[in-house]
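Please work through the exercises below with the sequence and the coordinates open beside you. Each task is followed by a solution that proceeds step by step.

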Amino acid sequence: MSPSAHRSTPAACDKRDKWLLTCSRIPLHINPPVTFTLVEFETFKKNASYYWEMLQKKEGFPTEEEFVLCTITNIQPHSVFVTLDEYGGKTGLIHISEVAPGRIRNMRDFVIEGKKVVCKVLSVNREKGHIDLSLRRVNETQKRQKLNEIKEQQLAEKIVEYVAK
């Protein structure tokens with residue numbers, strides 16, 4: 001048996017080894033990392049959907065300076081309302097000055113309802129439940145990193161669904 005085959009299936013590991021959840025021998029960078037012993041793996045298979053919800057959904061409010069994936073829900077003349085996909089649908093606001101640099105004559109030239117965008121968290125007021133976001137302070141590199149992170153999470157979700165079967 002090849003070393004890569006040894007690591008790619010949980011049944012091939014002995015009890016002292018830990019099995020790192022992999023897809024095509026590429027380790028997934030999930031936060032927190034997902035590693036199992038064989039006994040834990042059997043427990044994980046039984047409760048896969050519960051564990052995945054713990055990995056994907058974040059509790060509470062985002063931290064300032066964090067990048068979050070949002071869906072644009074409502075466009076007003078001086079603001080845009082979004083839902084934060086990672087935080088259970090919490091609502092955030094993007095002021096017109098944070099949509100794009102320069103003068104904005106028509107808000108609909110820059111944003112479209114239903115579109116998914118990566119935003120930067122500017123401030124959070126936990127008492128009032130207000131989350132202020134910015135589109136213009138996110139550069140292409142930061143946007144690409146966040147989207148890659150989300151793709152890795154989706155890949156991990158598919159693997160968890162497969163393991164749960």
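The exercises that follow concern a predicted model, and they go from the overall fold to single residues.

**Exercise 1. Overall fold**

Task: Describe the secondary structure of the protein and the order of its elements, and then state how much of the chain is buried.

Solution: Begin with the inventory, which comes to four helices and nine strands. Reading along the sequence then gives the pattern α-β-β-β-β-α-α-β-β-β-β-β-α. Turning to burial, 33% of the 165 residues are buried, while the exposed surface of the protein is about 10700 Å², with 52% of it supplied by carbon and sulfur atoms. Finally, among contacts with a separation of 6 or more, 53% link residues 24 or more positions apart.

**Exercise 2. Tracing the strand pairings**

Task: Establish how strands 5 to 9 are paired, giving the sense of each pairing and the number of bridges.

Solution: Start from strand 5 and strand 6, which pair in the antiparallel sense over five bridges and are joined by a hairpin through three residues; here Thr71 stands opposite Thr83 of strand 6. Next, strand 6 pairs with strand 7 (residues 90-95), again antiparallel, over six bridges, and Thr83 stands opposite Thr91 in strand 7. The hairpin between strand 6 and strand 7 has five residues between the strands, and Gly88 in its turn has a positive phi of about 65°. From strand 7 the pairing passes to strand 9 in the parallel sense, over two bridges, with Asp132 of strand 9 as the bridge partner of Leu93. The last step joins strand 9 to strand 8 through five bridges, in an antiparallel arrangement, and Ser123 stands opposite that Asp132. In the hairpin of strand 8 and strand 9, with four residues between the strands, Gly129 takes a positive phi near 80°.

**Exercise 3. The nonpolar cores**

Task: Determine how many residues the largest nonpolar core has, and which of them have the most contacts inside it.

Solution: The largest core has 21 residues, and Val99 and Leu133 are those with the most contacts inside it. At least two residues of this core come from each of strand 5 (67-75), strand 6 (79-84), strand 8 (116-125) and strand 9 (130-134), and strand 5 gives the largest share, four residues. Another core, of five residues, lies apart from this one and includes Phe67, Leu69, Val138 and Ile150. As for Val99, when residues up to four places away in sequence are not counted, Val99 touches Val80, Ile94, Ile104, Met107, Phe110, Val111, Leu135 and Arg136.

**Exercise 4. A lysine in strand 8**

Task: Decide whether Lys120 is buried or exposed, and list its contacts beyond its sequence neighbours.

Solution: Lys120 is found in strand 8. Its relative accessible area is 16%; since buried means under 20%, Lys120 is classed as buried. Leaving aside neighbours within four places in sequence, Lys120 is in contact with Glu65, Glu66, Phe67, Asp132, Leu133, Ser134, Arg137 and Val138.

**Exercise 5. Helix 4**

Task: Compare the expected span of helix 4 (residues 140-164) with the distance between its end C-alpha atoms, and identify its buried residues.

Solution: At 1.5 Å a residue, the 25 residues should span 36 Å, and the end C-alpha atoms are 36 Å apart, so the two values agree. At the start of helix 4, a side-chain oxygen of Asn139 reaches to within 3.2 Å of the backbone nitrogen of Thr141. The buried residues of helix 4 are Lys146, Ile150, Gln153, Ala156, Ile159, Val160 and Val163. In reading such a list, recall that an α-helix has 3.6 residues a turn, so residues three or four places apart point the same way.

Definitions and conventions
Residues are numbered from 1 along each chain as its sequence is written. This is a predicted model: local features need pLDDT of at least 70, side-chain atom pairs count only at pLDDT 80 or more; totals for chains, interfaces and linings use all residues. Side-chain values use heavy atoms; hydrogens and water are left out. The expected span of a helix is 1.5 Å times one less than its number of residues. Buried means under 20% relative accessible area, exposed over 50%, partly exposed in between (1.4 Å probe, protein chains only). A polar contact is a pair of N or O atoms within 3.5 Å; within protein, one must be able to donate a hydrogen and the other to accept it, and residues adjacent in sequence count only if both atoms are side-chain atoms. A nonpolar core is a set of buried Ala, Val, Leu, Ile, Met, Phe, Trp, Tyr and Cys residues joined through side-chain atoms within 4.5 Å. Contact means heavy atoms within 4.5 Å. Two strands pair if DSSP finds at least two bridges between them. Accessible areas come from the Shrake-Rupley method with a 1.4 Å probe; for residues, only the protein chains shown count as cover.
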